[in-house]
Amino acid sequence: MKFDIKEEDMIIKPYKQDGPIYIREQKGPFQQIRRYLGWFLMLVFIAIPWIPYKGQQAVLLDVASQQFRIFGVTLLPHDFMILAWVFMAGAFGLFFVTNWLGRVWCGYTCPQTIWMLMFTWVEHRIEGTRNQRIKLDKGNWDSKKVSKKLAKHAVWVLISVFTATSFMAYFVPAKTLYTEMFTLQWSGLVSFWVFLFAFCTYGNAGFLREKMCNVACPYSRFQSVMFDKDTLVVSYDAARGENRGPRKRKADHKAMGLGDCVDCNLCVEVCPAGIDIRNGLQYECINCGLCIDACDETMNKFGYDTGLIKYTSENTLSGKKTNPFRLKLVGYAALFAMIVVTMVIWAMNRTPIEASVIRDRNALYRVNYEGLVENPYTLSIINKTQQVLHYRVGISGIEHATLSAPESIKIEAGQMLLVPVTVTADGYDLSRTATPITFIVTAEEDADITIEKESYFYKNR
């Protein structure tokens, strides 16, 4: 038997065609969720640096002084282990959501997606609808085209600069940042970072767009490892939709041998990644649901049931039940919960003071003019609060000993101070060469702010 196979039938056509993507603006419930959530997240991002707390900026990541101030908590370099816990919690939280709902993080909350769709919203308002933008780009460079392009890019630049300054306000006090901006007093370092962040925002959201998701972001590449047959992803019901094809609204498409898909191509035109969801699950898909809104709108116009494209699992499409308590999903949730609990326990047990005892290695002990044994120490005390505190030092663990130390030790917020102290044993005749002692550092303003550090008292042999 001889088959007549044409050469063009052997070519594997790409799911996404090359060239710029002109996103059609779409209304619908998923678009509303994304838009409201996007506006909320942007407002939170902008507002956080302006929140005051006890006369200071509530959240300030002061890299220059190596302090992260978050409301009443000051994180110093030795506290940065909490960042590792935060990253691990974020990772397992993302794994959990991905295994459950696919790439909804990318579609609804990722900054790249939020800013990209905001830039396309501006583009739509200035240059017109999708067809108008295509026509404008293909047309000659006349005054109308130039004015529209200049206006669009001017708004993009303003958004990019505002985004960059909002981001820098997390690292430089917001009031100082904007005051120096309007008075042209930015330092070279601040100017460099604002320019860099503005340039990246302008380039990523205005030009690279979906290429950042498909090429630069590794998440799209390893997401399949977290997917299974029960993961809810945006899917096209091929059994219901095929054979696809155009028809009149009142036509009996069943009699014509057609499925519910009218082949309007709107699902492709609204997709930020420019893919055709009808070709199956693709790594470019960000699970944004825009194609669902477009398809449901078309189904309503033709009087068909909605849900031809919907959030569903591979098992559901094949007639099986989706297991909501599968081992992988429960495992990700358990690991996420364990890390969060660990972070809470760490935060509850964290004291707003840190201290260490440094011995004089050149002289473990000395004998003073009265014939008494002395041990010199240096206490390193760190005030991890956001207010000035006064500390007093005491000792325990050795009898007939006196402590020579300042009565009140003043330490500024977030600062470390080295305090030399001396312990003198009166009538020291212990049998052991080294006796354990404990230094007790307590804040005068709050007795709950206290810490104990152990060391040793040495006598002459």
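# Exercises on a predicted chain

At 34% relative accessibility, Glu25 counts as partly exposed. The model is predicted, and the exercises start from this residue.

## Exercise 1. A bridge at Glu25

Find which side chain meets Glu25 in a salt bridge, and state where the two residues sit.

Solution.
1. The partner is Arg125, with 3.1 Å from N to O.
2. This pair connects distant parts of the chain: Arg125 belongs to helix H4 (residues 111-127), whereas Glu25 lies in the segment before helix H1 (29-47), and 100 residues separate them.
3. Arg125 has a relative accessible area of 43%, so the residue is partly exposed.
4. Glu25, at 34%, is also partly exposed.

## Exercise 2. Two bridges from helix H4

Locate the partners of Glu123 and Glu127, and decide whether the residues involved are buried or exposed.

Solution.
1. Glu123 forms a salt bridge with Arg209, at 3.4 Å from N to O.
2. Glu123 lies in helix H4 and Arg209 in the loop between helix H8 (188-208) and helix H9 (210-216), so this bridge ties together parts 86 residues apart in sequence.
3. The burial cut-off is under 20% relative accessible area. Glu123 has 11%, so it is buried; Arg209 has 9% and is therefore buried as well.
4. Glu127 and Lys149 meet in a salt bridge at 3.2 Å, N to O.
5. That pair joins distant parts of the chain too, with Glu127 in helix H4 and Lys149 in helix H6 (residues 143-168), 22 residues apart.
6. Both Glu127 and Lys149 are buried.
7. The two bridges belong to one network of salt bridges, whose members are Glu123, Glu127, Arg133, Asp137, Lys149, Lys152 and Arg209.
8. For the whole model, the count of salt bridges comes to 22.

## Exercise 3. A buried acid without a bridge

State which side chain of opposite charge is nearest to Asp296, and how far away it is.

Solution.
1. Asp296 is part of helix H13 (residues 290-302).
2. The residue is buried, and the nearest side chain of opposite charge is that of Arg240, 7.0 Å away.
3. A salt bridge requires a nitrogen within 4 Å of a carboxyl oxygen. Asp296 has no salt bridge.
4. With neighbours within four places in sequence set aside, the contacts of Asp296 are Thr306, Gly307 and Ile309.

## Exercise 4. Backbone outliers

Find which peptide bond is cis, and what phi is at Leu184 and at Asn265.

Solution.
1. As background, most residues other than glycine have a negative phi, and most peptide bonds are trans.
2. The bond from Glu242 to Asn243 is cis, with omega near 0°. Asn243 is placed in the loop between helix H11 (238-241) and helix H12 (266-269).
3. Asn265 is in the loop between H11 and H12 as well. Its phi is positive, near 70°, although Asn265 is not a glycine. With a relative accessible area of 31%, Asn265 is partly exposed.
4. Leu184, also not a glycine, has a positive phi of about 55°. Leu184 sits in the loop between helix H7 (174-182) and H8. Its relative accessible area is 78%, so Leu184 is exposed.

## Exercise 5. Val97 and a distance check

State how far apart Val97 and Asp446 are in sequence and in space, and describe the setting of Val97.

Solution.
1. Val97 and Asp446 are separated by 349 residues in sequence and by 43 Å between C-alpha atoms.
2. Val97 is in helix H2 (residues 81-101).
3. With 26% relative accessibility, Val97 is partly exposed.
4. Apart from neighbours within four places in sequence, Val97 is in contact with Gly102 and Val104.

## Exercise 6. The whole chain

Compare the radius of gyration of the protein chain with that of a compact globule of 461 residues, then collect the other totals.

Solution.
1. A compact globule of 461 residues would have a radius near 23 Å, whereas the protein chain has 33 Å.
2. Along the principal axes, the C-alpha atoms fill a box of roughly 110 × 60 × 40 Å.
3. The chain contains 15 helices and 16 strands.
4. Of the 461 residues, 41% are buried.
5. Among contacts with a separation of 6 or more, 67% are between residues 24 or more positions apart.
6. The accessible surface is about 26500 Å², with 62% belonging to carbon and sulfur atoms.
7. There are 51 positive and 44 negative side chains, and the centres of these two sets are 10 Å apart.

Note on methods:
Residues are numbered from 1 along each chain as its sequence is written. This is a predicted model: local features need pLDDT of at least 70, side-chain atom pairs count only at pLDDT 80 or more; totals for chains, interfaces and linings use all residues. Side-chain values use heavy atoms; hydrogens and water are left out. Helices (H or I, at least four residues) and strands (E, at least two) are DSSP runs, numbered from the N terminus. The radius of gyration is taken over C-alpha atoms; the globule rule is 2.2 Å times the number of residues to the power 0.38. Buried means under 20% relative accessible area, exposed over 50%, partly exposed in between (1.4 Å probe, protein chains only). Contact means heavy atoms within 4.5 Å. Accessible areas come from the Shrake-Rupley method with a 1.4 Å probe; for residues, only the protein chains shown count as cover. Lys and Arg count as positive and Asp and Glu as negative; His and the chain ends are not counted. The place of a charge is taken as NZ of Lys, CZ of Arg, CG of Asp or CD of Glu.
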